[in-house]
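Let's take a walk through this fold together, strand by strand and then into its empty spaces. Have the viewer open and follow along.

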Amino acid sequence: MMADLTGQRLSNQYILEERIGSGGMADVYKAWDSSRAINMAIKVLRAGYSNDPRIRKMFEDEARILKDFGHPNIARLYEFNQHQGHYYLVLEWVDGQSLDKIIKARGNPLSLDEVSKILFPITSALHYLHNNNYLHCDIKPGNILIARNQKVYLTDLGVSRTSKSDSTGGTPPYMAPEQFKAAKVSPQTDIYALGITVYEMLSGGNLPFNGKSTQSVGSTLSEKIAWEHLNLPLPPITKYNRQIPKSVCDVMNKA
């Protein structure tokens with residue numbers, strides 16, 4: 001994790017008020033935009049990656065992708081800039097919580113109605129991405145934000161790729177088999193991860209593949225998770241939630 005930049009000012013405009021999240025290559029801050037007089041989310045590339053051309057290109061690609069998009073459930077990009085070696089994105093501020101925190105705080109399965117209210121805007125955003133020949137490649141509850149007014153946002157396009165790309169990075173518990181095999185990704189890659197996300201919502205926070213099976217093979221947790229995705233069937237969600245209709249199970253299993 002990079003040094004906390006809370007309290008610093010970027011480009012004499014954005015005051016970083018609080019670090020609210022950290023990902024694989026960047027930290028996210030709640031910031032005050034002194035020019036527009038509104039809050040923003042500032043995603044700052046970690047200093048150690050600023051001189052890595054591959055990582056910096058991923059960051060720049062995210063900015064380029066977001067610049068071209070206009071969907072109500074994808075947080076708007078205002079600016080991509082750099083200040084004293086800090087590369088950063090200025091994004092629409094969403095006053096709310098990430099879905100992973102909501103699932104964790106709940107401790108119990110979300111209702112089918114709650115899940116459908118989250119799924120509809122996320123599938124709409126994904127459909128928009130796919131129609132524009134882009135794949136998200138890192139769908140998970142941590143990248144879904146629920147605003148206080150209940151509006152749902154799909155965030156973090158940091159590993160997004162065009163539909164012609166080969167495999168990308170991702171988060172192991174949500175990755176599709178082709179990502180582990182470094183094979184070609186497709187819209188089905190995102191659908192697979194969305195299926196895992198639905199499973200997590202309906203199971204009360206349990207993941208189908210977490211590397212803890214007694215059958216798992218591998219020397220690291222990531223390797224064990226990969227082995228499970230590639231070799232084990234989806235554990236029945238009824239183990240955690242007996243109220244799920246068969247029709248819902250069938251859709252999730254297909255995803």
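Start at helix α5, residues 187-203: with three residues, this helix gives the most to the lining of the largest cavity. Keep in mind as you look around that this is a predicted model. The cavity itself holds about 40 Å³ of space, and the count of cavities of 30 Å³ or more comes to one. Around its wall you'll find Cys137, Asp138, Ile139, Thr171, Tyr174, Met175, Gln179, Thr189, Asp190 and Ala193. Sort that lining by class and you get five nonpolar, three polar and two charged residues.

Helix α5 turns up again in the second largest pocket, where it supplies the largest share of the lining, five residues. This pocket has a volume of about 230 Å³. Of the 13 residues that line it, Leu119, Val198, Val248, Val251 and Met252 are the closest to its centre. Helices α3, α5 and α7 (246-254) each chip in with at least two lining residues. What is the make-up of the lining of this second largest pocket by class? It has 11 nonpolar and two polar residues, and no charged ones.

Now swing over to the largest pocket, with a volume of about 1,100 Å³. It is lined by 41 residues, and those closest to its centre are Val28, Gly142, Asn143, Thr155 and Asp156. The elements giving two or more residues to that lining are β2 (14-22), β3, β4, α1 (53-68), β6, β7 and α2. Helix α1 makes the largest contribution, five residues. By class, the lining has 20 nonpolar, 11 polar and 10 charged residues.

Several of those strands deserve a visit of their own. Take β4, residues 38-45: six of its eight residues are buried, so the strand is largely enclosed by the rest of the structure. It runs antiparallel to β3 (residues 26-33), and eight bridges join the two. To find your place in that pairing, look for aspartate 27, which stands opposite valine 44 in β4. The two strands form a hairpin with four residues between them, and alanine 37 in the turn has a positive phi of about 60°. Strand β4 is also joined to β6, again antiparallel, by five bridges; here lysine 43 stands opposite leucine 89 in β6.

Next comes an open sheet of three strands, in the order β7-β9-β10 with antiparallel pairing. Its edge strands are β7 (96-98) and β10 (152-154), each pairing on one side only. From one strand to the next the twist averages 25°. Three bridges join β7 to β9, residues 144-147, and glutamine 97 stands opposite isoleucine 146 in β9. Helix α2 (residues 99-106) packs on this sheet, touching β7 and β9, and its direction makes about 85° with that of β7.

Finish with two backbone oddities in loops. Glutamine 84 has a positive phi of about 50°, although it is not a glycine. You'll spot it in the loop between β5 (77-83) and β6 (86-92). Is glutamine 84 buried or exposed? Its relative accessibility is 68%, so it counts as exposed. Asparagine 133, also not a glycine, has a positive phi of about 65°. This residue lies in the loop between α3 (112-131) and β8 (134-135), and with a relative accessible area of 47% asparagine 133 is partly exposed.

How values were computed:
Residues are numbered from 1 along each chain as its sequence is written. This is a predicted model: local features need pLDDT of at least 70, side-chain atom pairs count only at pLDDT 80 or more; totals for chains, interfaces and linings use all residues. Side-chain values use heavy atoms; hydrogens and water are left out. Buried means under 20% relative accessible area, exposed over 50%, partly exposed in between (1.4 Å probe, protein chains only). On a 1 Å grid over the protein atoms alone, a cavity is a set of points where a 1.4 Å probe fits but cannot get out, and a pocket is an open set with protein on both sides within 12 Å along at least five of seven lines; lining residues have an atom within 4 Å of a point. Grid points are joined across faces, edges and corners, and a volume is the space filled by probe spheres set on the points. Ala, Val, Leu, Ile, Met, Phe, Trp, Tyr, Cys and Pro count as nonpolar, Asp, Glu, Lys and Arg as charged, and the others, Gly among them, as polar. Two strands pair if DSSP finds at least two bridges between them. Axes are lines fitted to C-alpha atoms, for helices over the stretch in contact, and angles run from 0 to 180 degrees between N-to-C directions. Contact means heavy atoms within 4.5 Å.
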